[in-house]
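Welcome, and please open your viewer. We will move from one selection to the next and say what is there at each stop.

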Amino acid sequence: HQLGGVTVHSKDRVKSAEAIQLTYYLQSINSLNDMVAERWESSFCDTVRLFQKSNSKVKMYPYTSSSLREDFQKTSRVSERYLVTSLILVVTMAILCCSMQDCVRSKPWLGLLGLVTISLATLTAAGIINLTGGKYNSTFLGVPFVMLGHGLYGTFEMLSSWRKTREDQHVKERTAAVYADSMLSFSLTTAMYLVTFG
């Protein structure tokens, strides 16, 4: 697993390899060790970059505990245009899904407010992770997108259930019917996500 592009000489001998992975584990027992490890990783990456400049034939890719965070920050700067475009599309779809030809029953603001609510919940979750000192990893990277998708799904499922109720009913009865119709499946899906990410 440490070699790539291997040419085998015999059953237990390697003739050549195009890539090699070198793994070095750092001790992480307490906060002092974490600080030393972060500094070591930073100076290691700087050394690799300097070596790469002077030796262009050899390609080196350092991967450390902070690489995912740094790559994510670079990606967010590179893909700003795509993120803004997708955000505009999501807002447009949220408004269109709640709009109808009947101007009395049309509720475009509900779709927009549902999206704003879910976005605030996602930002709150990210803030809590940052405040508690959570490290970036592949799980945390996907959580905002799952939360947005799951939250929007639940919002529009509730709106759909609300539209199925009779308008002459009392608000309490309509709300009870909405919860009875949509909350069981939504709660089970939420529990599944909590168990999966937990």
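Is Y61 buried or exposed? Select it and look: Y61 is exposed, because its relative accessible area is 71%. Here buried means under 20% relative accessible area, exposed means over 50%, and partly exposed lies in between, with a 1.4 Å probe and protein chains only. Y61 sits in the loop between α1 (31-54) and α2 (67-78). Helices (H or I, at least four residues) and strands (E, at least two) are DSSP runs, numbered from the N terminus. Now add V48 to the selection: 13 residues separate Y61 and V48 along the chain, and their C-alpha atoms are 8.0 Å apart.

Two notes before going on. This is a predicted model, where local features need pLDDT of at least 70 and side-chain atom pairs count only at pLDDT 80 or more, while totals for chains, interfaces and linings use all residues. Residues are numbered from 1 along each chain as its sequence is written, and side-chain values use heavy atoms, with hydrogens and water left out.

**Zoom out to the whole chain**

Show the protein as a cartoon and you will find six helices and two strands. Starting at the N terminus, the order of elements is β-β-α-α-α-α-α-α. The C-alpha atoms fill a box of roughly 80 × 40 × 40 Å along the principal axes. The radius of gyration of the protein is 25 Å, whereas a compact globule of 198 residues would have one near 16 Å. That radius is taken over C-alpha atoms, and the globule rule is 2.2 Å times the number of residues to the power 0.38.

Switch to a surface view next. The protein exposes about 15,500 Å², with carbon and sulfur atoms supplying 64% of that area; accessible areas come from the Shrake-Rupley method with a 1.4 Å probe, and for residues only the protein chains shown count as cover. Of the 198 residues, 17% count as buried.

**Select E70**

Back near the first stop in the list of helices, E70 lies in helix α2. E70 counts as partly exposed because its relative accessibility is 30%. Select G134 as well: E70 and G134 are 64 residues apart in sequence, and 15 Å apart from C-alpha to C-alpha.

**Select the annotated spans**

UniProt, in an unreviewed entry, lists residues 82-100, 112-132, 138-156 and 176-195 under "transmembrane region". UniProt positions are given in the numbering used here, feature names are shortened, and annotations may be inferred rather than shown by experiment. Colour residues 112-132: this span is 95% helix and 0% strand, with its end C-alpha atoms 30 Å apart. Then colour residues 176-195, where the chain is 100% helix and 0% strand and the end C-alpha atoms lie 27 Å apart.

**Finish in helix α6**

Which residues does S182 contact, leaving aside its neighbours within four places in sequence? They are E157, M158 and S161, where contact means heavy atoms within 4.5 Å. S182 belongs to helix α6 (residues 171-197), and it counts as buried because its relative accessibility is 1%.

Y193 is also found in helix α6. Y193 is partly exposed because its relative accessible area is 28%. Leaving aside neighbours within four places in sequence, Y193 is in contact with V146, H150 and G198. For a last distance, pick Y193 and S160: they are 33 residues apart along the chain, and their C-alpha atoms are separated by 23 Å.
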